[in-house]
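Biologist: I'm new to reading protein models. Could you walk me through this one, a question at a time?

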Amino acid sequence: MTNNSNKIAIVTGASRGIGAAIAERLAKDGFTVVINYAGSEAAAEELARKIEEKGGKALTAKADVSDAEAVRRMFDTAEAAFGGVDVLVNNAGIMQLAKIADADDAHFDRHMAINLKGTFNTLREAGKRLRDGGRIINLSTSIVGLKLETYGVYAATKAAVETLTGIMSKEMRGRSITVNAVAPGPTATDLFLIGKSDELIDRLAKMNPLERLGTPEDIAAAVAFLAGPDGRWINGQTLRANGGMV
Ligand code: NAP
């Protein structure tokens, strides 16, 4: 067993994409994982089964992160099942692209509700309930640094998440809880791939000097570093995981 055994990690948006890779990697590293999802129940259950087949421990928890009450219930469920929570990975998120001049109110409100309010909802619970020595890792995006056209509202929610990260790291003073963000570049998941031409995907993949897209496992490795014993001295930081794009 590793140093992470008996530690409980909630990963939001873990039914698919980067979140699923994070849950799998944390389980491999010894954490008991709570696989949160909003709609993809079958995928979440399948992932839990896969983790348990490999000797890990996992539980699924349906909760729309934009719903504060549902988030509270998710923490209740984790505490009832495992006695406490040590790690929160705020991965659930959406991304739709529109120029600021063309973005309608629904576009703005949806991003705010899931990416920003959703992160706030889980951070608020974690701030009260995480066990001492815990870890919080929030998913941002390297677009906060790149500032590409059409990503305005999405990137604004993630810039706010980076600000919450830095401030909360200070608010956890005295409890040995670190709060960091991981900011991926283009990563091969539905969120990035759907709606883009092969030519555009290729162009974005070549923006970094390693000339490829990130994989969900690349991002999970960075999260696992921050969640595990080797990440203990990193606090209040945003780690850009993008092959050197920005
Ligand atoms: P994805 O493939 O679209 O998966 C999104 C996950 O979030 C799904 O498991 C989905 O669950 C969940 N989710 C969506 N809305 C939710 C809600 N309201 N409540 C709870 N769960 C919800 O996305 P991804 O590419 O893995 O992205 C994961 C994170 O990385 C996001 O925060 C994203 O902004 C960030 N990121 C991604 C990239 C990239 O290139 N892929 C780059 C930078 C940052 P259901 O299917 O159950 O709804």
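**Inside the fold**

Biologist: Which residues touch the most other members of the largest nonpolar core, the one with 31 residues?

Modeller: First, the model is predicted: local features need pLDDT of at least 70, side-chain atom pairs count only at pLDDT 80 or more, and totals for chains, interfaces and linings use all residues. Residues are numbered from 1 along each chain as its sequence is written, and side-chain values use heavy atoms, with hydrogens and water left out. A nonpolar core is a set of buried Ala, Val, Leu, Ile, Met, Phe, Trp, Tyr and Cys residues joined through side-chain atoms within 4.5 Å, where buried means under 20% relative accessible area, exposed over 50% and partly exposed in between, with a 1.4 Å probe and protein chains only. In the core of 31, the residues touching the most other members are Ile-22, Ala-23, Leu-26, Val-33, Ile-35, Ile-51 and Val-89.

Biologist: And which elements each supply at least two residues of this core?

Modeller: Helices (H or I, at least four residues) and strands (E, at least two) are DSSP runs, numbered from the N terminus. The elements that each give this core at least two residues are strand S1 (8-11), helix H1 (17-28), strand S2 (32-37), helix H2 (41-53), strand S4 (85-90), S5 and helix H9 (216-227).

Biologist: How many residues are in the other core, which lies apart from it?

Modeller: Its members include Ala-61, Val-71, Ile-136 and Val-179. In general, nonpolar side chains in soluble globular proteins tend to be buried together. The size of this other core is 22 residues.

Biologist: Back to Val-33: which residues does Val-33 touch?

Modeller: Contact means heavy atoms within 4.5 Å. If we skip residues up to four places away in sequence, the ones Val-33 touches are Ala-9, Ala-23, Leu-26, Ala-27, Ile-51, Lys-57, Ala-58 and Leu-59.

Biologist: Why is S5 largely enclosed by the rest of the structure? And what is the bridge partner of Leu-88 in S5?

Modeller: S5 is largely enclosed because seven of its 10 residues are buried. Two strands pair if DSSP finds at least two bridges between them, and S4 and S5 do so in the parallel sense, over five bridges. In S5, the partner of Leu-88 is Ile-136.

**Holes and hollows**

Biologist: How much space lies in the largest pocket?

Modeller: On a 1 Å grid over the protein atoms alone, a cavity is a set of points where a 1.4 Å probe fits but cannot get out, a pocket is an open set with protein on both sides within 12 Å along at least five of seven lines, and lining residues have an atom within 4 Å of a point. Grid points are joined across faces, edges and corners, and a volume is the space filled by probe spheres set on the points. For the largest pocket, that comes to about 910 Å³.

Biologist: Which of its 44 lining residues are closest to the centre of the largest pocket?

Modeller: The lining of the largest pocket divides into 23 nonpolar, 16 polar and five charged residues. Here Ala, Val, Leu, Ile, Met, Phe, Trp, Tyr, Cys and Pro count as nonpolar, Asp, Glu, Lys and Arg as charged, and the others, Gly among them, as polar. Closest to the centre are Asn-91, Gly-93, Ile-94, Met-95 and Leu-191.

Biologist: Which element gives the most to the lining of the largest cavity?

Modeller: There's one cavity of 30 Å³ or more, and the largest cavity holds about 60 Å³ of space. Its lining has 13 residues, with Thr-12, Asn-90, Asn-91, Ala-92 and Thr-119 nearest the centre. Helix H4 (105-129), strand S5 (130-139) and helix H6 (152-171) each supply at least two of the lining residues. The top contributor, with four residues, is H4.

**Two loop residues**

Biologist: Is Lys-147 buried or exposed?

Modeller: Lys-147 sits in the loop between helix H5 (143-146) and H6, and its phi is positive, near 55°. Most residues other than glycine have a negative phi. With a relative accessible area of 66%, Lys-147 is exposed.

Biologist: What is the phi of Thr-150 near?

Modeller: Thr-150 is also in the loop between H5 and H6, and at 26% relative accessibility it counts as partly exposed. Its phi is positive in a residue other than glycine, near 75°.
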